[in-house]
Amino acid sequence: MERSFIAQWNQLQRKLAGAQPGTGWSPNTDVYECAEGLVIRMEVAGLTADQVEIDLEKQALIVRGVRRGPTGDQTTAGVRYRQMEIEYGAFERVLPLPFGVDGANARASVQGGFLEIRLPRTPTTQPTRIVIQAP
């Protein structure tokens, strides 16, 4: 009974956080506005820049990725988990944008377990793939 409640609670949290149906988890995200435009900070501990995709489509920012979990050979090698709280698997966050942003001048970086995306203002938003830069 408790396990069912926890699963339903986690599903509701993912929905409220903007996670797409069928994704495994939803990274915690801060979105704030500054003079330059919009800044998104997302917890992506354990992921590298090449494991995350960032797209601008219409009036939304879409961030996708996969955090790989323990492999099957770790289980067969005598490893027995006592507690697992880190979420693994695919994720997708769709964040609506409150105003137009300049995708061509957007910047993204991963450092210290956080993905930071900076989106400067512009009157219109064009579909764009944002490349994560090395720190």
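## Close-up views of a predicted model

**View 1. A hairpin links strand 1 to strand 2 through three residues.** Welcome to the first stop in this predicted model. Strand 1 covers residues 29-33, and five bridges join this strand to strand 2 in an antiparallel arrangement. To find your bearings in the pairing, look for Y32, which stands opposite V39 of strand 2.

**View 2. Strand 2 also pairs with strand 7.** Here seven bridges join strand 2 to strand 7, and the two strands run antiparallel. V39 is a handy landmark once again: its bridge partner in strand 7 is R118. Is strand 2 enclosed or open to its surroundings? Five of its seven residues are buried, so strand 2 is largely enclosed by the rest of the structure.

**View 3. The largest nonpolar core holds 24 residues.** If you would like to know where to look, start with I54, L61, V63, L115, I117, L119 and I130, the members that touch the most other members of this core. Several strands contribute at least two residues each: strand 2 (37-43), strand 3 (52-57), strand 4 (60-67), strand 5 (89-96), strand 6 (107-111) and strand 7 (114-120).

**View 4. L61 and its surroundings within the core.** Which residues does L61 contact, leaving aside its neighbours within four places in sequence? The contacts of L61 include I40, I54, D55 and L56. R93, V94, L95 and L97 are also among them, as are I117, L119 and I130. Note that I54, I117, L119 and I130 are also listed with L61 among the core members that touch the most others.

**View 5. R93, a buried arginine in strand 5.** R93 has its place in strand 5 and is one of the residues in contact with L61. With a relative accessible area of 7%, R93 counts as buried, because that value is under 20%. The side chain of R93 makes a polar contact with the side chain of S26, at 3.4 Å. Beside S26 in the numbering is P27, whose C-alpha lies 8.0 Å from that of R93, although the two residues are 66 apart in sequence.

**View 6. Two arginines over phenylalanine rings.** Let us finish with a pair of charge-over-ring arrangements. The charged end of R41 sits over the ring of F114, 4.3 Å from the ring centre. R121 lies over the face of F99, and here the distance to the ring centre is 4.1 Å. As for rings paired with one another, how many aromatic pairs are there? The count comes to one.

Definitions and conventions: Residues are numbered from 1 along each chain as its sequence is written. This is a predicted model: local features need pLDDT of at least 70, side-chain atom pairs count only at pLDDT 80 or more; totals for chains, interfaces and linings use all residues. Side-chain values use heavy atoms; hydrogens and water are left out. A nonpolar core is a set of buried Ala, Val, Leu, Ile, Met, Phe, Trp, Tyr and Cys residues joined through side-chain atoms within 4.5 Å. Buried means under 20% relative accessible area, exposed over 50%, partly exposed in between (1.4 Å probe, protein chains only). Helices (H or I, at least four residues) and strands (E, at least two) are DSSP runs, numbered from the N terminus. Contact means heavy atoms within 4.5 Å. A polar contact is a pair of N or O atoms within 3.5 Å; within protein, one must be able to donate a hydrogen and the other to accept it, and residues adjacent in sequence count only if both atoms are side-chain atoms. Two strands pair if DSSP finds at least two bridges between them. Rings of Phe, Tyr and Trp (its six-membered ring) pair if their centres lie within 6.5 Å; planes under 30 degrees apart count as stacked, over 60 as edge-to-face and the rest as tilted. A charge sits over a ring if NZ of Lys or CZ of Arg is within 6 Å of the ring centre and within 35 degrees of the ring normal.
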